[in-house]
Amino acid sequence: MNEPISVTALNQYVKGLLDRDRLLGRVYVCGEISNYKRYPSGHHYFSLKDAESAIRCVLFRREAAALRFQPENGMKVVVSGRVSVYPRDGAYQLYCAQMTPDGVGELALAFEQLKTRLHREGLFDPARKKPLPPYPKRIALVTSPAGAAVRDMIRILGARWPMTEVLVVPVRVQGEEAPGEIAAALDLVNALDLADLIITGRGGGSMEDLWAFNEEEVARAVFRSHIPVISAVGHEPDITISDYVADRRASTPSNAAELAVPDQEELRETLDHLYRRLDRAVDRRLQRQRDALVRLSGSPFLRSPLRTVQEKRMTLDLYRQRLVNALDRQTGAHRQSVARLAAALDALSPFKVLGRGYAIPYREDGAVLASIRQVKAGDPVDIRVSDGTIHCRAEGKEKHQWQKRS
Amino acid sequence: MAEKKLTFEQAMARLEEIVAQLEAGEQPLDQSLSLYEEGAKLMKQCASMLDKAEQKVTKLRMETTGELTEVPFAPLEE
């Protein structure tokens, strides 16, 4: 062993010793992370230390990508891996296969970390949340096409508001492919404008089952959706990162369906209520008009023309009466004159004397006999007396002496 | 008139507007009456939209050609 050997050979020799050691091939080490660095290659380098010592550690790209949480300086972790030598530096280090948080669950830590980060970035900002459309025309359900969740949502949407179309965008909701599929579906619905509201979620399960909705990929897709998103993952107590980012969080898929659309029963009640208000309003309007009419018709402005008309009518009546009276008086006077004239005429009537024993003789041709010269013996003579006519025949005639004197 | 084409939302909004206007009662009587008539018609329209509505459910499907189609969807009972 007196022959000098190369540095490389020495390092290779030590590396060989360590690599062959059964204990060092698989160790679990707990400690605090310091000097954590991510390299562009994808490998992560850090030191693990306790109060007195430190060891260099490396986490290769593949293992680093599998981490759900983000290692940070000061974080207590448990690392499993093998101890070996990096020949170029002659430094021995811990090649990590796995790293888990010490004391808290890995998922819980990952959740908290992502939540803190996205919160700091403003993805949960209430001001960024979009209002839900009150009457969505079409809802996209980004969820598994199998299972109770989608069925419950469709049933409740149909019962509450059948006018809304439902589009199921099938995705896996658990497993490695789930986050990518969910994010792609959200982007697709947005890109093609397939709906005006999105519900994404799934039914209940373990934290592991629900994990897709705690992935940053999904959270960011929810955030960049210009269509409002309701997140509905698991049961009431389960809260995911998607819930924080979504415009609205529903406690369950059924609850999401209730939040998404109005209830037609309530709407019918609202309609009835509006109808009553409409009726009352128009009734009041009509009543006001009636009142106004009554008020107006009672006012002197409207009453005085009527009074004038009545007064005029009374005056007219008066005039008419006077006219009638005047006419009556006039005809009365005429009647009297006529009566007087009639009486005078009557007095002069030759027939008037017949009553006193005078008679009028008529010849056969109707001529009044005033002289004996108008008849000869044998002629028929009619003698008119007060109550009739006597048919006679002239026996003869004799001239009176006093006739000459007149 | 375009009244026939009103969505439920629009009909409802118009209805609320009419009721508010009538309640304010500032328009002439004949206008009140025509508002009332319009309101009653909208009311009937809204109710019949609710009565006639039938839920339409489809599923997005990616064809082998890469084309997206929508096919009727009925969730399986478990």
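The following questions and answers concern a predicted model of chains A and B.

Me: What are the ipTM and the mean pLDDT of chain B in this predicted model?
Reply: The model as a whole has a pTM of 0.62 and an ipTM of 0.79. In chain B, 91% of the residues reach a pLDDT of 70 or more. The values asked for are an ipTM of 0.79 and a mean pLDDT of 82 for chain B.

Me: In which element of chain B is confidence highest?
Reply: At the lower end stands H2(B), with a mean of 85. The highest confidence in chain B, at 90, belongs to E1(B).

Me: Which element gives the largest share of the side of chain B that touches chain A?
Reply: The contact involves 31 residues of chain B and 32 residues of chain A. On the chain B side, the elements that give two or more residues are helix H1 (8-24), helix H2 (29-52) and strand E1 (57-62). The largest share is 9 residues, and the element that supplies them is H2(B).

Me: How many residues on the side of chain B that touches chain A are nonpolar?
Reply: Residues of three classes occur on this side of chain B. The polar class has 5 residues and the charged class has 8. The nonpolar count is 18.

Me: Which helix of chain A do the buried residues of H2(B) pack against?
Reply: H2(B) has 24 residues and spans 34 Å from its first C-alpha to its last, close to the 34 Å expected at 1.5 Å a residue. Its buried residues are B:Ser32, B:Leu35, B:Tyr36, B:Gly39, B:Leu42 and B:Cys46. These buried residues pack against H1 of chain B together with a helix of chain A, namely H9 (264-298).

Me: Do strand E7 of chain A and E1(B) pair in the parallel or the antiparallel sense?
Reply: Strands of a sheet pair through backbone hydrogen bonds, and either sense can occur. Here strand E7 (residues 165-170) of chain A is joined to E1(B) over 3 bridges. Within this pair, A:Leu167 stands opposite B:Thr58. The sense of pairing is parallel.

Me: What is the order of strands in the closed barrel of chain A?
Reply: The barrel contains 5 strands with mixed pairing. Neighbouring strands are turned by 50° against each other on average, direction ignored. One of the pairs is E1 (residues 27-38) with E2 (residues 44-49), antiparallel over 5 bridges, where A:Glu32 stands opposite A:Lys49. The order is E1-E2-E3-E5-E4.

Me: At about what angle does helix H1 of chain A run to E4(A)?
Reply: Helix H1 (residues 7-20) of chain A lies across two strands, E4 (76-86) and E5 (91-101) of chain A. Both of these strands belong to the closed barrel. The angle between the helix and E4(A) is about 135°.

Me: How many residues are in the hairpin connection that joins E12(A) to E13(A)?
Reply: E12(A) pairs in the antiparallel sense with strand E11 (residues 360-363) of chain A over 4 bridges, and A:Arg363 stands opposite A:Val381 there. E12(A) also pairs in the antiparallel sense with strand E13 (residues 388-393) of chain A, over 6 bridges. In that second pair, A:Arg384 stands opposite A:Thr389. The hairpin joins E12(A) to E13(A) through 2 residues.

Me: What percentage of the residues in chain A are buried?
Reply: Chain A has 11 helices and 13 strands. Of its contacts with a separation of 6 or more, 61% involve residues 24 or more positions apart. Among the 406 residues of chain A, the buried share is 25%.

Methods. Residues numbered from 1 in each chain as written. Chains lettered and ligands numbered in written order. Predicted model: local features only at pLDDT ≥ 70, side-chain atom pairs only at ≥ 80, totals over all residues. Contact = placed C-beta atoms within 7 Å. Nonpolar A, V, L, I, M, F, W, Y, C, P; charged D, E, K, R; others polar. Pairing = 2+ DSSP bridges. Expected span 1.5 Å × (residues − 1). Buried ≥ 20, exposed ≤ 12 C-beta atoms within 10 Å, placed from the backbone. pLDDT = per-residue confidence, 0-100. Axes fitted to C-alpha atoms, helices over the stretch in contact; angles between N-to-C directions.
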